[in-house]
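Trainee: I should like to request a close look at a single part of this model. Please describe the contact between two of its chains, and then set the salt bridges beside it.

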Amino acid sequence: MKNSKDIIDRCQQLYEDLDFTAAREWKAAEPGRKVIGYMPIYVPREILHAGGMLPLGIVGGGDQLEVIHGDAYYQSYICRIPRSTIELGVSGRLDFVDGMLFPSICDVIRNLSGMWKLMFPDVYSRYFDVPQNYADDIGGNYYKAELKELCEGLEDHCGVKITDEALRRSIAIYNENRRLVREVYEFRALEPWKAPASDVYLLIRAGLVLPVEEHSQMMQDWLAAVRHEDRPMRDNCRVVVTGLFCEQPPLNLIKSIELSGCYIVDDDLLLVTRWLLGDVPIDGDPLGNLADAFLHHSESTAAKYEPDLKEKGQHLVRSVEKYGAEGVIFASPSFCDPALLDRPMLQHVLADKNIPYIAFKYAENSGQMQPIREQAGTFADSIKLWSEA
Amino acid sequence: MKTFIGIDLGSTTTKAVLLDDNADVIGRGITNSRSNYDTATRVAKLEAIIDARLTLCRRALKDDVPELAGRLDDFLTRLELGFRREQFLEQLRDLEQTCIDHIDGDRFAGQESAVTDVLEAVFSKLRDEAAEIYGPNAERRSDFFRDIAGSRYLAVAEDLAKQAGLSYDLLLNVYDKSIIEVENRPPSEDMSGKFLRSLEELVNEAPEFGVDAATVERAVKSALGVDLEEAYLVGTGYGRVTLPFSKEHIRSEILCHGLGAHMMYPDTRTVLDIGGQDTKGIQVDPEGIVENFQMNDRCAAGCGRYLGYIADEMKMGLHELGPMAMKSTRSVRINSTCTVFAGAELRDRLALGEKREDILAGLHRAIILRAMSIISRSGGISDQFTFTGGVAKNEAAVRELRKLVVENYGDVTININPESIYTGALGAATFARRAVN
Amino acid sequence: MTEITTSRAERPAKDAVKDESMLKQKAMMAGHYDRLTSATERGEKVCATFVPGNLNELIMCFDFANNLPEVNAIQNGLRKKSGRYVMESEKLGHSEDVCTYVKSDIGMMAMGNLAPNGKPLPSPDVLLLSYTGCFTFMKWFELLREQYQCETIMLHTPYEGDGWVTENMRNYMVKQLKEEVIPKLERVSGVKFDIDRLRENLKRSAVAEDDLVYVLQSAKNKPSPIDAYFGGIYYIGPIFGAFRGTDDAIDYYRTLRAEVQDRLDNGRGPVTPEGDMGEEKYRLVTEGPPNYTSFRDFWKMFYDEGAVVVASSYTKVGGVYDFGFRHDPERPLESLAEYCLGVYTNRSLPQRVDMLVDYVNEYEADGLLINSIKSCNSFSAGQLLIMREVEKRTGKPAAFVESDLVDPRYFSAANIKNRMESYFQMVDQKRAGVKGAAA
């Protein structure tokens, strides 16, 4: 049996590899293979998989990529992820990518879709719009037609065929992947000292660059390994971290939160891997099933409209309750419209429930962890004092 | 002779360049900008004229006193030093009188004459030091009166005040009130007198030159006698909003910079200027005409001022940063060029045990990365590339720039002129010349 | 939506006659705010919505007074009140990083919610969240919903990601209008929807739109009789705000058109706060919103140099009419859908580049000026690429300045002036070639 360290070491290598060697090798292994990049927050990877393509998650350049050209495209008041993504593009690191999907998350990523069309005219670039209306015959029909258009676009551009049969198979494979992701999250919430947040992050993140089958196997191996390993339990408090759904925090930030005395028991990192809650039905119209799952069984996040005022922020309260968290940390990328505009409303909901929280901002290339360590540490201390009082 | 003057009013220094009718630079002058652009302009211009007189002296001496061949530079340096000393003494007298005039008010009550006595003693000592300050081998950290007189005044005054049992604050008070006044008072126009006094002393006290006093004096007098007619003046600079010139005498600093770089290196196509307040990427055509320019956006991260903060934070001189960074063997990656966060980031890195030189190397790279993005915004680099501004004097910054330019744009010629601080003023002077011709 | 407050004395006497459109607009705006601030006492219901994707014709069908928070924010910017409001809302926990329209609005509510006439604005009865071309809109009305606890109607306008409107997008919008928007507006207002009333409103819109397009396109003349950015902002006021589909708007645009025609006939340039502009020296196309806290200072940097803006993208933010679109009474809901889909900020980057290139060429401009606004990522993200592309395709130089909509902290006059002057001098030089350097 593999040990968890070997698995996480492999994930770390994948994480640090800004040339996406694993995806390149996958593509080179068989002629005609296609790779489709996608940005946060969610795309139906089943569709890409059903066409025999590799979905490749592009979540910026992290803190190790030196941005030379990307900054030339953005003013100082715009977040980091589009700059480093452009840097990846102009530096040739994405030259093997046949298409790019830009999901509806904010105006910056939305506009990046058009920039990609101008800068890389040979690449299939699509703004992936999703409904903000959740009625089946309104938003649902619109979304189904959008999915169909996406399938046709990919078929045209990549010379693939996306059949219903293949879609059903892919849905089943992704159902399995999502089950394992949930299992990883639940395991961490139960025994967080055995599953450091940075390990869990790297493990899930590997799923953005590996074929899904390989990633599922990896998670299985990891779960099997960590259940048998023992690590010292620390007197940490339990927190939910939110706001990290697009630009990624540096790994050091995740580590710093835990080192300061906070076990992360839930987060909104890499939401694409668990956007759809529960299994998507395999029988029937696969695009219809994906649409239904999106409309009625998907994550809540700032980029999505919440039609019901009473429901606003309740996903966070539920997460706190479900995982027995004692507080919430709002970690938002600087200049992130969705996270920062949503934050006051979420904070009001938490305040109403007497759930303590703190907030700070980061950038994917933040170098200073001291202020974050101090804030998270003080938060952990105050929670402990509060619970003892 | 006709001269054309360009003035570049910067946020910290004001520069002037004098061109003759052949577009040759005959004089350059620089002074600190103070809070008064009018005075700064006058002083910079005067400095350029002094420099021009020296150029004319050089031309005259070269022709008329051939026996100075090989020692002309030395001779002129000594001549200028003597001139500077005379100028310094003149300003010192002004400062002394101004200080004495400022002994006024309640705080001085009953101590007026004691303060006057100390002041006279202080200035007497400073006058005595002048010969040494302007000695042939003396090292001065600055050429600005405020810097030279100020540091010595404060040191001597503290000493003498203590001896006299006076509060040092009183001497500080009169100094603070007076220095600004003196600084904003242009030196007297009697330039020839100062040159001639310097010359006389040089001839008398430096027989090693072995020149005939009368011949030299004739040559220098002829140089001093040339009429320098100001045919046209053009001003530019960051403070252009309040430039003390009328509109037709003002050109944008970007245009001046582009043209100045073109005058220095006619094959320049791209200019990068990293100044205290901003960073500019400029593209020029074969005639020096600006085709495109980009500046740092509203956020001034990564400009020269950033290095100033770093120097303060590290308690180092600005000019010491580059040499220390050059010692680095392993550059630390610094991601933020945010001036506001510079201090915190630095302390964080030091706390992590990183070496100062490695952090500094990383900081220099970070600044140059910002500059690279501005170059990229303005259209990249296609042919000769000229780097100007205060940061161009910093060897560590230049090293990073060379690396990145080659990596991103291939093997292009990179020009860095030791007089690059005058680029804007040279462009302005060229505009002045073109305005007439 | 805004008023030019040049004093009578400053302006040549003969101009007084020509200002009818300005006086009319001023009266319309005063009436608008009087209507809003007295809505509660008069028993009138209030609907709040946004300028891009503003469905004024539909809102009028239910007798709502239409309150547009962006317009309020602009008024607060021009009246130098927005700075305090923005800081107030930052004190309330809103990030310094986000849109200042939102923060001005929230700060205004926290500080008494006073309209320009000094009376309190009413709480809205319904928030029509026309989610069109701007992500922030969604959060803005979620925030207002939290405050007012009132009915909120989402109308989602899909983005023209590929550069065109698909059948699916149009159907989706029409279906939302039919099945969500209209029934909810009926419920809140208690007024039954009458499609013929909508048709009448749309018919009136189209008449005013024709005149607006005439006015905007008059800038193709040399000299241009209008400034299509600073002046243009006044011209779009009624049609982007609460007047599209009214007789008032028809009158206003008819009057304005006649005035512009008169300027053209007499070879006169645009009107500025200091009277007629002098000689037209530079013709520019602008991209991006203006700054409202130093609107006059910014404008002055243009007209003092003889620069006139001949076309701007900002004046298309509440509807793009100059490529032929008109509200169509024959296809009422479809044309409302197409109107929303087509507003400038709902267009893809390549479409925006095409439009700006077209403007530079069609209006024979000297170049493009981008005013990049910190608040507005919808406009700003990608503008540096837009700049490159437009330069490349037109061969004309572009300039880039930065400011903010209504946050006075983000307007640096010296910085902007420095760039503007450099830009104008560069244009001079380029025009004159080598000899120009001497000029």
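Mentor: What follows treats the contact between chain A and chain C, and then salt bridges within chains A and B. The model is a predicted one, and every value below is computed from it.

The contact draws on 56 residues from chain A and 54 residues from chain C. Together the two chains bury about 4800 Å², with 57% of that area on carbon and sulfur atoms. On the chain A side, the residues that lose the most area to chain C are Tyr77(A), Tyr305(A) and Leu341(A), which together account for 15% of what that side buries.

Polar interactions also cross this contact. Between chain A and chain C there are 30 residue pairs in polar contact, both residues being at pLDDT 80 or more. Several elements of chain A each supply at least two residues to the side that touches chain C, namely α5 (107-119), β4 (124-128), α6 (136-158) and α13 (337-352). Of the elements of chain A, α5(A) gives the most to that side, with 10 residues. By residue class, the side of chain A that touches chain C divides into 29 nonpolar, 11 polar and 16 charged residues. The salt bridges between chain A and chain C number 7. In one of the salt bridges, the side chains of Asp137(A) and Lys175(C) meet with N to O at 3.4 Å.

Over all chains, the structure holds 97 salt bridges. Within chain A, the side chains of Asp98(A) and Lys27(A) form one at 3.0 Å, N to O. This pair links distant parts of the chain, 71 residues apart: Asp98(A) is in the loop between α4 (81-90) and β3 (99-103), and Lys27(A) is in helix α2 (residues 21-29). Asp98(A) counts as buried because its relative accessibility is 15%, under the 20% cut-off. Lys27(A), at 22%, is partly exposed.

In chain B, Glu313(B) and Arg347(B) meet in a salt bridge of 2.5 Å, N to O. Here helix α9 (residues 304-314), which holds Glu313(B), is linked to helix α11 (residues 339-351), which holds Arg347(B), the two residues being 34 residues apart. Both count as partly exposed, Glu313(B) at 31% relative accessibility and Arg347(B) at 47%.

Arg330(B) forms a salt bridge with Glu354(B), with the closest N and O atoms 3.6 Å apart. Arg330(B) lies in the loop between α10 (318-326) and α11, and Glu354(B) in the loop between α11 and α12 (356-378), so the pair ties together parts 24 residues apart in sequence. Finally, salt bridges with shared partners join Glu66(A), Arg365(B), Arg399(B), Glu400(B) and Lys403(B) into one network.

Definitions and conventions:
Residues numbered from 1 in each chain as written. Chains lettered and ligands numbered in written order. Predicted model: local features only at pLDDT ≥ 70, side-chain atom pairs only at ≥ 80, totals over all residues. Heavy atoms only, no water. Contact = heavy atoms within 4.5 Å. Buried area = accessible area lost by both parts, 1.4 Å probe. Salt bridge = Lys/Arg side-chain N within 4 Å of Asp/Glu carboxyl O. Polar contact = N/O pair within 3.5 Å; in protein donor to acceptor, adjacent residues only side chain to side chain. Helix = DSSP H or I, 4+ residues; strand = E, 2+ residues; numbered from the N terminus. Nonpolar A, V, L, I, M, F, W, Y, C, P; charged D, E, K, R; others polar. Buried < 20%, exposed > 50% of the residue type's maximum accessible area, 1.4 Å probe, protein only.
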